[in-house]
Amino acid sequence: MSVVEIDFATPESRPSSVIVRDLVMNDEQPFTPLLVERVKGETQLFVKQVKLSGHRYIVCRNEAEAEKDKADRQAIVEGLQKQLKKGDKALVGNKAYRRYLKSVAKDAFEIDLGKLAQEAAMTGSSS
């Protein structure tokens, strides 16, 4: 059995696999709390192991990081809403904004609420 560790530290390192997103993250097994002592304080983590198709997935969720991700997404959405009122063409060049946009017509964009929800689910934070 192989071990697959899932690192959600950055959006770029998050797996996009349907198996991970739909089966591992939604597995009903509860997370186990884990307190890690560090020089600069403690880190509260939550971990769980899920076995699927001969693979063992180890998922680790950091609530503080999830809250930071949520706040970052909210700030990006607020910025997007302001910019969309001014005109949306320039937003496509901004990587942080672009990942939350979807094209609705030629040269017209809107906030992709599905992408926001997907990222929130993957980081364990709502909104």
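Here is a short tour of this predicted model, from the whole chain down to one helix, one strand residue and two salt bridges.

The model is predicted, so local features need pLDDT of at least 70 and side-chain atom pairs count only at pLDDT 80 or more, while totals for chains, interfaces and linings use all residues. Residues are numbered from 1 along each chain as its sequence is written, and side-chain values use heavy atoms, leaving out hydrogens and water.

**The whole chain**

Let's start with the big picture. The chain has 4 helices and 6 strands; helices (H or I, at least four residues) and strands (E, at least two) are DSSP runs, numbered from the N terminus. Along the sequence they come in the order β-α-β-β-β-α-α-β-β-α. Of the 127 residues, 25% count as buried (buried is under 20% relative accessible area, exposed over 50%, partly exposed in between, using a 1.4 Å probe and protein chains only). Take the contacts (heavy atoms within 4.5 Å) between residues at least 6 apart in sequence: 42% of them join residues at least 24 apart.

**Helix α2**

Helix α2 runs over residues 63-86. Its 24 residues should span 34 Å at 1.5 Å a residue (the expected span is 1.5 Å times one less than the number of residues), and the end C-alpha atoms are 35 Å apart, which agrees. At the N-terminal end, Asn 62 acts as a cap, with a side-chain oxygen 3.0 Å from the backbone nitrogen of Ala 64. The buried residues of α2 are Ala 66, Asp 69, Arg 73, Ile 76, Val 77, Gly 79 and Leu 80.

**Two salt bridges**

The structure holds 2 salt bridges, each a side-chain nitrogen of Lys or Arg within 4 Å of a carboxyl oxygen of Asp or Glu.

| Acidic partner | Basic partner | Closest N and O atoms |
|---|---|---|
| Glu 63 | Arg 61 | 2.6 Å |
| Asp 72 | Lys 68 | 2.8 Å |

Glu 63 is partly exposed at 24% relative accessibility, and Arg 61 is partly exposed too, at 23%. Asp 72 and Lys 68 both sit in α2, 4 residues apart, about one turn of the helix. An α-helix has 3.6 residues a turn, so residues three or four places apart point the same way. Asp 72 is partly exposed at 35%, and so is Lys 68 at 43%.

**Val 50**

Over in strand β3 (residues 41-52) you'll find Val 50. Is Val 50 buried or exposed? Val 50 is buried, because its relative accessible area is 3%. Leaving aside residues up to four places away in sequence, Val 50 touches Val 24, Asp 27, His 55, Arg 56 and Tyr 57. The C-alpha atom of Val 50 is 8.9 Å from that of Met 25, 25 residues away along the chain.

Notes:
A polar contact is a pair of N or O atoms within 3.5 Å; within protein, one must be able to donate a hydrogen and the other to accept it, and residues adjacent in sequence count only if both atoms are side-chain atoms.
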